[in-house]
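Trainee: I've got a new chain open and I'd like to practise reading it. Can we go through it together?

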Amino acid sequence: MSRVRSSTWLDALYSLPRWLCLFLCCASVGCFSGDETDPTAQEEPAFEFNRLQAMPDLVAAAEDEEQSEGETESGTGTSTAAPSNAAVPTADLKNSAKPGHWVAARQRMTAQESEFQGTIRSMVLSSGQPARTETSNHYLVIERPVVLQQGAAKDVELIFYIPRRLDLDSSSVLLEHTLIDRLGRVVAQNSGAVSLMDAYQFFTVVLSDGPSDFSFLTSMPTHGPTIGASRKDLDNVVLADCREQVPLPADVFGWTAISTIVWHDLAPDRLDPSQQQAMLDWLHFGGQLIVSGPDSLEMLRGSFLGPYLAARSRGAVSLGQESLDAINQSWSLAGPGGSVPIEWRLVEDSSFLGTDLELVGDSRFMPGTGELVADRTVGHGRIVVTSFSLTERSWRVWPGADNFLHNVLLLRPRRDFTRLDEDEFESVSRMRFVDFPNQQLEPLIYSKLRFFSRDWRPSERGATNSESNLDAPASRSEQALPAHRQLESREAWLAWTGGPYANTVKSGVGGWNDMGAASQVARSILTDTSGIEPPSRRFVLTAIGIYLVVLVPLNWLVFRLMSRVEWAWIAAPIIAILAAVGVVRAARLDIGFARSQSELAIIELPAGYDRAHVTRYSNLYTSLSTRFSVEFDSTVSRGQPWGSRATEQQTGDEREVTLNRAGALRLEDFSIPSNTAGLLHTEEFVGVGGRLGWTWLAGSNSSSPAGSLNNATELDLSTAVVVHRDDGGRWWAAIVGSLSPGSTEELTLKPVDDEEQWHRLWMGSEETDYLGHEFLLTFQEGDQKLDGVLTVDELKAIPGYERSWLSTFQATMSEFEAETEEEEEAIRRGLPAREWPRLARRIAHGRFSCAGLIELWMKVARQHQHGTFLLGTLERFDETCHVQPLPSQREQSALLIAELSPAALPQPMSDLRLPDRWRRSFSEDGEDAESSDPESSDPEATPRADDNGGTGD
């Protein structure tokens, strides 16, 4: 018995090591399991994200809050948003944005477990990869600091740039942002899908405390679907939810996709100061603001918009049926079953509230409105004010309301509607513009926001970024108008919109454009005058051959004759150094071991405004690999690398560039390799200290126009010219010369009718003399035979002539288009005197100036532009963006394009007929139903004509 117990005890003793090992293994497994599953072991804070909302947002915030629970997972470290490379169904997208435009987005986020201090990094993803900027192999990352209190939800504004890549055909992209803590660790990530708008689509934003009252706008034909390339809406109508905050971007760069804002009974102080400044910038550069009376006028009086309103209220009035007679006569259109116009009618003996409008400044009452609507130009934009509220029910149910909205309030070209064939979409009419046939999808019609540096029409035929075709002849439907009214309708509208602009593929107008006409000219100037000229193959082979001959046979022969052959080894490195210096000098890489910056600045200043849009094109050269950064004085600034079509096609070398919003706005990580140059494109909205004033003098007339120019800005112009186009289409100009701040000049304008007179405006200007002055003197000196022809031999005989002129001279002669045999013979013999401006424009002879941009403006403006303008050059423009490290060499040339007085507003013209099915009857509870009345398909059924600006049959 004792032996048995002893055996059991021994067995247990022997098995103890095995049990101990098993215990340790189980304990270790338990520890690992606890690390993986225990949520309290996580070091990162947990975050909750609501839906990312691109501003302006197409979905009301109240609806977002209800849906956010299914879109995010509370209490976790990351959001459950779709991964960056996931395919997003277009039908499910809630945000919309335009390619080529900057987008502001609002993200509500909450740190649930602890306070968070760190950085948000934002970028645009396409097909799961960072989207590169067009014409560049860089992609943009935007950083900003953020502080989140534990448990407190915070709205954070993020900005993105959606590249306009012509080689991609995406219908959506992802806006992704990442939270990074102070240690550089990624702690959370979220993204939101954005549907890309077409080039012709823009936002119409309603600002009201009761946005649902304007839901009828979404179904009106002005904003509704069109039949053409697609059945998409012409405008994205945004009924903004302003209960917590007004969902508009904080600076004007996020406003370029907005064409129209409707303001109704919203207190102006609901917009913060940055939004107020952004609205004024947007308005002066082409935005349209519709103020819905009567209460809005009183609310806006004395506000930031007060000085720009078209009218003020003299008191409330009661508007009855007789007050609508002028509107009915001009804007009522034919209804079903005949040509009798359907008028805006009130219930018998009823009325509604309006306000008595009093015009302000240069405002006007809109023709055919019975003084119930007034408008005025504000810079390049427009404000329109209505005496009555646009939520007035009797106006909303009137079938002519869409005609009134489109042609009076929006001042767009008149339309015609025709029924589609039976086998097509029966409920939709085909719309076309009477004066611009086949241009239903032309962006120039739907937005008036314009920038010279972005939208100026390319000067060469067939340019890739121009799709505009507003010069097409009018169609047969103009038979409804007399010939003089047809021309008036078309030309007046073109004059008001600015004329020489073109839309850009995918982004329409107003978008960031690295391939526009101004950008192409700037690139040419910067690269031609950078001091870098890659050596040709012939030069390389010749240099190598000379070097080898000098280094080996000639070197040996010289010292062989001196009986000191061993010295040839000593001379070899000396010869190599001298050869290297000679090659560098001959190849014109003479910038040296330094950094240099060449900059062209374009300053665009609207009429009567003290803030300008400044575009800077910079060429940065470095002899050693350098990582540059640019610091902006203003947060209303943007910048990106700028390349060419060649760099756009490069793959595998994508580089990150950061726009840092911590403190001063900085563009960082712009890397340039050794002995190369990088192009940079930046834009800003900056104050210029005052306004340029232009007043026509008493006694000025069409045969001798004269005016007074006052420079109340801080701009010191070295050369300036004032040009004006009269109502007859004739151009007039006056040479101002230098114009210092605070000075006033009285000018008498003289006609400029031919190309030579245009270029003589700049003769003698230190900045732009190669446009004519210097070469004209050379021509006169070289023409020894006084026959009006300059030959190559005569050019060479001029003492100290510019050798760079010879190749340009010969190239220019070969491009002349001779009309007669005599001209051909003259061209073979030499350059005719009448062709000297063309040659002069091609000769830069190594000088850096903005003359090419002046030539671009003059060439296009004299064909299409209207109004009064000042063009001036500045020897130095304030440095509002600073490159670091500081270049040791820097040169700048600046061009001011100022609008002194805009083109006159055109007369509104009525549509020709009602669109199909735009006839509604309303029940007492306000819900609309289809009218059962049959529609007349008679194409000649058009509204009657009137004498008050509304036009029809």
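Trainee: Let's start with the surface. What share of the area that the chain exposes do carbon and sulfur atoms supply?

Mentor: Keep in mind that this is a predicted model. The chain exposes about 42,000 Å². Of that area, the share supplied by carbon and sulfur atoms is 51%.

Trainee: And what percentage of the residues count as buried?

Mentor: A residue counts as buried when its relative accessible area is under 20%. The chain has 953 residues to sort that way. The buried part comes to 54%.

Trainee: How many helices and strands does the chain have, and how much of the contact count comes from residues 24 or more positions apart?

Mentor: The chain has 21 helices and 41 strands. For the contacts, look at those with a separation of 6 or more. Among these, residues 24 or more positions apart account for 76%.

Trainee: Is Leu441 buried, partly exposed or exposed?

Mentor: Find Leu441 in the loop between strand 21 (430–433) and helix 8 (443–446). Its relative accessibility is 25%. Buried needs under 20% and exposed needs over 50%, so Leu441 counts as partly exposed.

Trainee: What distance separates the C-alpha atoms of Leu441 and Leu234?

Mentor: Along the chain, these two leucines are 207 residues apart. In space, their C-alpha atoms are separated by 7.9 Å.

Trainee: Now the open sheet of seven strands. Which strands are at its edges?

Mentor: Read the order across the sheet: 12-11-13-14-19-18-17, with mixed pairing. An edge strand pairs on one side only. That gives strand 12 (235–239) and strand 17 (364–365).

Trainee: Which residue in strand 18 stands opposite Arg364?

Mentor: Strand 17 pairs with strand 18 (residues 373–378) over two bridges, in the antiparallel sense. Across from Arg364, the residue in strand 18 is Asp375.

Trainee: Which strands does helix 7 touch?

Mentor: Helix 7 covers residues 401–409 and packs on the sheet. Its direction makes about 135 degrees with that of strand 19. The strands it touches are strand 14, strand 18 and strand 19.

Trainee: What about helix 3: at what angle does it run to strand 13?

Mentor: Helix 3 (residues 273–284) lies across several strands, including strand 11 (202–208) and strand 14 (288–291). Strand 13 (258–264) is also one of those strands. The angle between helix 3 and strand 13 is about 125 degrees.

Trainee: Last one: how many disulfides does a search of the whole structure find?

Mentor: A disulfide needs a pair of cysteine sulfur atoms within 2.5 Å. The search covers the whole structure, and the number found is zero.

Notes
Residues are numbered from 1 along each chain as its sequence is written. This is a predicted model: local features need pLDDT of at least 70, side-chain atom pairs count only at pLDDT 80 or more; totals for chains, interfaces and linings use all residues. Side-chain values use heavy atoms; hydrogens and water are left out. Helices (H or I, at least four residues) and strands (E, at least two) are DSSP runs, numbered from the N terminus. Buried means under 20% relative accessible area, exposed over 50%, partly exposed in between (1.4 Å probe, protein chains only). Contact means heavy atoms within 4.5 Å. Accessible areas come from the Shrake-Rupley method with a 1.4 Å probe; for residues, only the protein chains shown count as cover. Two strands pair if DSSP finds at least two bridges between them. Axes are lines fitted to C-alpha atoms, for helices over the stretch in contact, and angles run from 0 to 180 degrees between N-to-C directions.
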